[in-house]
Each structure stands twice: as structure tokens, then as C-alpha cells.
Amino acid sequence: MSSEEKSQDLMGKISSLLVTPWGQWLFPLGIVAIVAGLLTLIPVWQLVILAGLIGGILASKRTIAFLAGFFGTFVTWGMYFLIMQLKFGTGIIPLQFSALIFGNESIGPFFWIIFSLIGGIISGSAGWIGYILKSQFLPQFLSADE
Amino acid sequence: MKKMQKNDIITGSIGLLLCTLLTVGFSLPMMGLPALGGIFFPGDGVWEIPIDVQETLTISEASLSADVTVYRDSYGVPHIYGTNESDVMFALGYCQAQDRLFMMEMARRMTRGQMSSIMGDSMLETDRLNLAMLKEHYSVQTYLALVEGAKTDPELEDVLLQLQRFTDGVNFFIDYESILPLEFQLLGIGMDHWSIVDTLSMAKYMAEDLTWGMDDLYNYMVYDEIGLTAFNYFAGHPRPYQEPVTVDYGNYLDNESYIHMDYNFTQLTELGPQGAQPAPSSLKDNFAELSTFLEEFPQEQRRQELGPIIGSNNWVVDGNMTDSGLPIIANDMHLGWNLPGIWYQAHLVISDDENSLNIWGFFLPGVPYPLVGQNQYVAWGFTNTNYDVLDWYYYTPINDTHYIHDGVATAYEYINHSIEVMNGNDIEYQIKLTKEGPVFSDFLSDSFSDVDSPYEGQVIACQWLAQSVTWELQAFYRYAHATNRAEFNAGSEKFATPAQNHAYADIYGNIAIRPTGKVPIRDDTGLSHPGLGNGTFPYNGSAGEGAWIGWVPFEDLPESINPDQHYLTSANQIVAGPDYLASNSLQTDYSQGYRARRINTLLRSQDHFTIADMKSIQLDTYSTKAGNLTSFLFDSLNSANDLSTLEQTVLEMMEDWNFQMDQTKGEPTVFQLWIEMLKGSIFADEFAAWGMEDYLGYVADAHIEYLLRTGDEPWFDNISTPAVENSSIILRDTFGNAVDELAAYFDNTDPTTWIWGDLHQNYFAHLTNIPALGLGPYPANGTGDTVNPSRSRIWRNGELQVSINGGGASERWVCDMGAFDQSVSVVPSGQRGVPGSEHYADQLALFLAGEYHLNYFTIVDPEDFAEEIIESTIYFIGGTSA
């Protein structure tokens, strides 16, 4: 098999993977995770909306648009918090902030989950917006949905 | 465009709403909290704050002439090795900024009246107060004088150079570190560059902490009620049982007949206010109005709360009393506690072929030389002298631009400031000055005061030593470079304020102590009564009273060197005995002397001392007060025939007491409540008759000791009852009341369970007072009068309360001049001011356990620094681009 044929074969496999039920989920979710991860390098957290929008544009269904945005960011932010705590020892900060707001540290250990959830909801909501925008302005890419 | 379906509209709307609400909600400050997204979400949040320093860091910096190595030891203390002083100063500035940036920011902003620039207009009034103190003005003036002096004086030129290199190091960190500590994030502020003026302002910061006050105003208010004779009876000099700091000017212990104790009780208590009344009768109200206004500022409240604990201990023994044959010096300075603590420990080694220097000490963050510490030749420690360097004046006003000074209509002078306000316009602020100093009564008459009752009284201004160009940084520079007593003295000559008892030791075997600082000489001629002078009361500036006409010459300050007793002690007591030419003119206040008496007793108790012995003295919590006063109580109780079973049980417990204020015991609890109640039992009736119920604090416990020792009985009679009480009755009744209170409070009749630590605890607050960042409270040994001090006041407003103490030893240090490798220290906090850091409060654990850490002073070659004690390393590579 020539390299051109190999390439065509690979693309074919990817294309066929993307139209499978799993592929329809994993592709936008992966893109959201990658974009959200890259955006942590930029000191403007609000850009996470961009990750969600891209996920929504790539999603084939409205449900997938939200969930890809949500889980893509939730997982990425969660990993970010974990890595930063391990790298810099900053786990003490949410404990102190919890004590500052609630009078004790008990909520602190859950802050990273709460913040990841919030990031996920923002990104997921942006996914919806992205999906609707796509459906309005790029109808040719619409799949047979709803 | 495709026609939008109903589902799309709903989904899009929900998505847009959620996205907008959450994004906006986490991007804006709300409910007093900063924008949470900016703090916690990835990208620009707090997760990358360097909680602890990197294990190894290499920094290239072209401005360094050679390489510098910084080893931090297991407590995070930097040991900085370089080949010239200015490179080491750069590294020190970097390290201090790395560890204490927020503290430095707060200290300079507060001192220089710049809080509004980072916290908005809520701090405007605080800024105005701090500017009115002229700390900012004279920090700048000191800088200008330093720059001018450096043009002709090589030493000042070098001081300026070192300050600049230290400043460069701080600013290199600010530029280098992209993420500032948590406190900056919470406040949503950045950090402007550090400046030499910021460093110079730290001297004003310390001067405020230790010498600012409104004592003259309070004294006048008391005097106005009770008269001069009674005032001098309670607050005159010398106070009872003082063992002076210097030992060459006689001793008060030989004679208990103090001049001011020569009084007629009946005349004093029945005639009421006497003596001269030189001032308008409304003056007391003016002073009360001003002091009440100033008391509302948190910095004043903190000063007044901590006032009784602020002090220090230092002592030095000569080589006749040590193993090494050379002196041992010990010092623990008592200040308000904070996290991070006030002191920054550092070790600087400069291996210059011509001028090698090895410096270890306690630095004020923002200052490049230690205030207390040692080099390879000399060591020195500080305690506060309480020299009176602040006077208040009142003047007759003429109009907005003129007042009467020394009988002549005189125009005010002015200093103008522009106060930067965060999120607001700059505010112009004009400070009005009399001949003596800034006018404070303007605070009562301008827009900040109660507009319904405008101030119409006398003009009130103050003159304060810190309101002048002073040379403390040059003094610290000279201390750090001193190689003998003469060179150290040359440093002391430059030390103006806050005046300190300088305990001194050197490697040649000398010990010395000198209460050091500038003291004004007032023109007290023409006062209507000599007792009104000496800066005790406010002066009538319109009559030309109390002008500062000179300074006590440095060589005339009391001093003791190599005394026959082989030791010297200071613990904020009176500085000199009756033979000193001006024994009553230097201080208007000093401690009751219990700590000094105890330290001297311990130093007299044996003829040989080790570092362990010195640690033991620093940690001593024996109550000299209890040891001296309880015998009178026991006599009273043993002669009584009406003791209850519980009182008898408590008495038996107390009679076996060793007078240690041990947090695990019940005896200290009983004694402390009894002595606190006793003052009221003896004096409350007379003070009530004077209308001065709130001023019982003017009576020292040493005064009670004096009454009991001398059998001065009239005070023990309760003048509000027809019966005539004596001391035995009062002591016994007070004891009964104390026992009843404790039984009720602890809800049991077993006095061994009335644990001192349940009522007396130490708390270490964060600078911001955010509870989550503070530590404690911890049950505590001692009281404010024990050598290891921890203030307690458990009887407040007729109620038994837990006493939470926020101040005490701010460092402990023992240095053997013949065994530098064994020198030790500890601070009640940690090196690093970053919450969550391993070194945020690691030394606090040592401190609470009465332990110390080694200073590693003798490691002068970085190659000798053992791997196991190196926690992290910074390599500064000199002569290269960043």
C-alpha cells in the first residue's frame, strides 16, 4: 500500500470513527479539552467560553454540544487544579478561603470540584450557543438531527 | 439563514443566560469579596503562587559584580554568601521580597499614608492621620539629606549605595515574579517598586510603634481631676522598687522613702484637685475630644491594647561567668505578635579580601541591616527605654491662618500632599504646622468631624522626635561594621529613635549597656509649677512653654561598662539611679520593674552560666509579684477565723505554690484574679470620689507592694463605708470574692481544676486580621510581669473573662561570644510570610515549646554548609544579562 493510500485509509478510518456514536462524542469533547487546556496558559479565564463555542460548533447534536463543553472543561480544569496543587503546594489556599468565607475549612477540599463544575457549566452553555450559531449560519454542516 | 426553531431559541437563551451570568458573576467583586474567577480559575489565579521557594533557582543579573549564593536552612533562613557587600545587599533584598512582600507593602503604605492608593477612600482618614504625623515628610527629608550628605561623606555614600542595591534586589523580585502572594490577590492589588524612602520610613514605623502616644493628654486629664500632688503620688518618679539599667548611679532599693510618697492622705483625698491650674478649664474637654477621636483609629487601638506588653529584656554576662571565658548576651524584644512576625532572620557573609564581614541578625523587612544581632567582633541587643520624645502643645487660635505663639500672633506653615485614591480622584491634603509641629485639632474641625458640634477649642499640636531628619540607617550600618566598642558607640551616636537600651558584648571580653537615643531638653522656665514640666503634661505654646532648646549630649547619657558585678540587665525599667545628673528627666514612663528584678535575681543566683541557662531565664515564668505579695495575703488569711471550707482549701493549695505562672495549674489563676481585683478593692473608692473610675490603670501593682511593705494603711479604708477597713480585711475579702468568682466560673469547688491556661491564652493574628490566617489561641504560661511575658487581664468591668494576649517576645536570641557555633534564636512565627508555606509558622511551634534553632553563624564558607541543612539554593550569576 502506498503512502497516499495509507493516508487515505487513515482518514477514512477517522471519518468512519467520527460518525460512530462514540466518535460524535469524543471528537468535540477532545477538542474542548485541548483548547481549554491551552487557554490555561493565557491569564484570561473567560476565554474558556471559546473552548465551549468550538465544541458546540463541532458537535453533531445539541446534547453533545453541551456535554462536550461541560466535560471537556470540567476534566481539564480538574487536572489543572490537581497538577498545580502538587506542583506548587497551593492546596492550602482553598482551605484558607473556605475558612475566610464560611468560618471553617470544611468546604475547602471541594473547591476544586465546585470551580471545575462552574467552568464546565460556562463551557457547556457556550457549547449550546456554538451549536445554535452553527445551525443558523452553517446549515450545510448540520447532521440529521432533531 | 435558517429559520430558528423553538428548541433552538430556548436552548440558545438558556445557554446565553447561564454563560453570561456565571462569567459576569465570577468576573466582578461581590459581597466584599474580590472577583473569584480571577483568583481561583485557571490562567491568572492563585494556584501558581509560589507557596514555598524553589529548591534550586539560578538567576543571571548583569548588575551583580560577582556571583552570590543563597542557602536557605531548614527554617528557611537565608545565608547569603558573596564577595562584596553591594552584591549581598541585592540578594538580601531579593530574599526579603520573596518571603515578606505583602508585609513590606503594608508597612510602607501605612507609614507613608498611602493606604488609599490600594484600598480606596475608606482609608483616606487613616492616610491623613499618618501624613499628619509627618512620617512621610521626614522620610523624604531624610532621604534628601542622605543624598546630599553622600556627596561629601564617603560613609554616607556607601550607605546610600547599599540601600540602593538592596532596593534593586527587592525590585528585581517584583519584576521577576509574575504572580504575587495571596493577600495581593484577595485585595486585587499589584506592587509598585520599592524605594530607598520606603526603607527609611521603616525607622519612622518603629518610632511610632515605640514612642508615639497621647500620655501627656491623659496625664493632664487625670491631673485636672485629682491635682498635682495626687498625680505625682501615683505617677511621679522614681516608681517603687526600680533596679536601674545602668549600675553606676546608685540604687533606689536602698531607700523606700520616695520623695513623691511624702504626702498627707487626708489632704490628698478630701480636698480634691489642688495645685496650679495654668490652663483654661475647657482644656481637659479639648484633650478628651482629641484623644477620643484618635482612639477610634485601629492603629491607636492596637497600640493601647499592646502598650502594657511592649518592652523587652536583654542582659549580658562577662567572661568571668561563662565556660568560654567570653561574654554571653541574650535578648528578647517584646512587641505585638503578627503572622508573619516582625523580624526577618538572615545571615550575610561577605568574603572581601580587605573587608570580610559576617553578620547575623534580626532585620526589619525592608531594611538591609539588622537592628539586633552580631558580626564576628561585636553583638548587641535592644530593649525600649521609653525616653519621652513627644510633647503636646496647646495654643490660643486667632483665625484660620494665625495663632498665638509665645505671646505673638504667628502664621501657620503648611505641608501639602496629594493622596492617591484607588478608583477615585486624588485628594489634596494640607497639613497645618505651628512652630512646634503639626496641628491635630484640625481633625476635629474639618469635614471628617461631627458637623453638628464643631470643634471650637484650643489649637492642639505635637512635637515628636520622629518629625525630624534622623540617621538610624547609618547607625545600623555602623553596628554591622563595628569591630570594637568605640566603633559601636559611633553607631549609637547616630541612633535617635526609638531610643533603646543597647546591651553590648564583644570578643575582647567587654560588656556594656547604654540607654541610647536623642532626648530633648525642654525650656521649662516660667511654668507655674515645676511639676508641670519635663514633658509630662501638654505645654501652653501660646505662653512659649516647653520649647525644645537642645538635646541631652550623647556622652551624658548613662552608661555602664564592665561592671564589678559581671552582668548588666535591662527590662524597660528606669535607666539610671539617683546619682545620675538627670535621673528623672529622660523618661516619663517605664515598666514596673518586676522582670528586671527577676532577671537580676537569677543572674545573682549563680556564678556560672551557659547558653542553656540563658534560655532558661528567657523562658522563666516565675512571678516576682506573687512571690512578694502572697505572704501578706497568707498572713491575712491565717489570722482570719471565718474562712469557708473552699477558701481554706484554696489557701492550702496556694501555700504550696512555687509562684510559677504555669498554664496547667490553678494557683496562678487564683493569684491573678486576686491581684487584679485587689487594685479596685484598695483604690476604687478614692478614684470614684474623684470621678476617675476609668483611670485605675494609673496605679501600678508595685505601688500596692509599697503600701503593704510600708504599712501605709489609710488607702485600705473604704471611704464609702462608715466602718474603717484595714489591709488585712481588704486582702481577705478580696480573696473571698476571687474564690467565689472562680468557683462560679468553673462551676466546681476543686481549685486544682481552675487551670490558668483556660483563662489566659496567646493568639497570633495575621497582618490582615483574617481569622483563617491566624493561629491560636494557645494556653499560655506567664503574665505581663514575668520574664517570659504574656499579658493577662482576666477581670474586666466586674466580669471574669478569658484573656487573649496578642503580644510578647517577638524573638529570642542567645549568643556566646566564645562559642558562636552554639548561638541560637527563635521567632514566634516563621521566615516566610506566605500563608501555607512550610515556614509560615514553623518557628512558632519551637517558640511555644520553648525551643530554639541554631544560627549557623560560623559557617563562613558556603562549601561548609552541610547538605542536610540546605533546604533551597539560589545562585545569582553576576556580570551577565538577565
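**A pocket, a helix and a small sheet in chain B**

By class, 22 nonpolar, 13 polar and 8 charged residues make up the lining of the second largest pocket in this predicted model. The space in this pocket amounts to about 1400 Å³. Of its 43 lining residues, B:Gln299, B:Arg302, B:Asn338, B:Leu767 and B:Asn769 are the closest to the centre. Several elements of chain B give two or more residues to the lining: helix 3 (85-111), helix 9 (196-211), helix 13 (298-306), strand 5 (328-336) and strand 27 (803-805). Helix 13 of chain B provides the largest share, with 7 residues.

We can turn next to helix 15 of chain B, which spans residues 472-481 and is mostly covered, with 9 of its 10 residues buried. Charged and aromatic side chains feature in the buried set, which consists of B:Glu472, B:Leu473, B:Gln474, B:Ala475, B:Phe476, B:Tyr477, B:Tyr479, B:Ala480 and B:His481.

A sheet in chain B completes the picture. Three strands form this open sheet in the order 15-10-19, and their pairing is mixed. Strand 15 (459-464) and strand 19 (539-540) of chain B each have a single partner strand and stand at the edges, so one side of each is left without a neighbour in the sheet. Strand 10 of chain B (residues 390-395) runs antiparallel to strand 15 of chain B, and 6 bridges join the two. Within this pairing, B:Trp392 has B:Cys462 of strand 15 as its bridge partner.

Notes: Residues are numbered from 1 along each chain as its sequence is written. Chains are lettered from A and ligands numbered from 1 in the order in which they are written. This is a predicted model: local features need pLDDT of at least 70, side-chain atom pairs count only at pLDDT 80 or more; totals for chains, interfaces and linings use all residues. Side-chain values use heavy atoms; hydrogens and water are left out. Two strands pair if DSSP finds at least two bridges between them. Helices (H or I, at least four residues) and strands (E, at least two) are DSSP runs, numbered from the N terminus. On a 1 Å grid over the protein atoms alone, a cavity is a set of points where a 1.4 Å probe fits but cannot get out, and a pocket is an open set with protein on both sides within 12 Å along at least five of seven lines; lining residues have an atom within 4 Å of a point. Grid points are joined across faces, edges and corners, and a volume is the space filled by probe spheres set on the points. Ala, Val, Leu, Ile, Met, Phe, Trp, Tyr, Cys and Pro count as nonpolar, Asp, Glu, Lys and Arg as charged, and the others, Gly among them, as polar. Buried means under 20% relative accessible area, exposed over 50%, partly exposed in between (1.4 Å probe, protein chains only).
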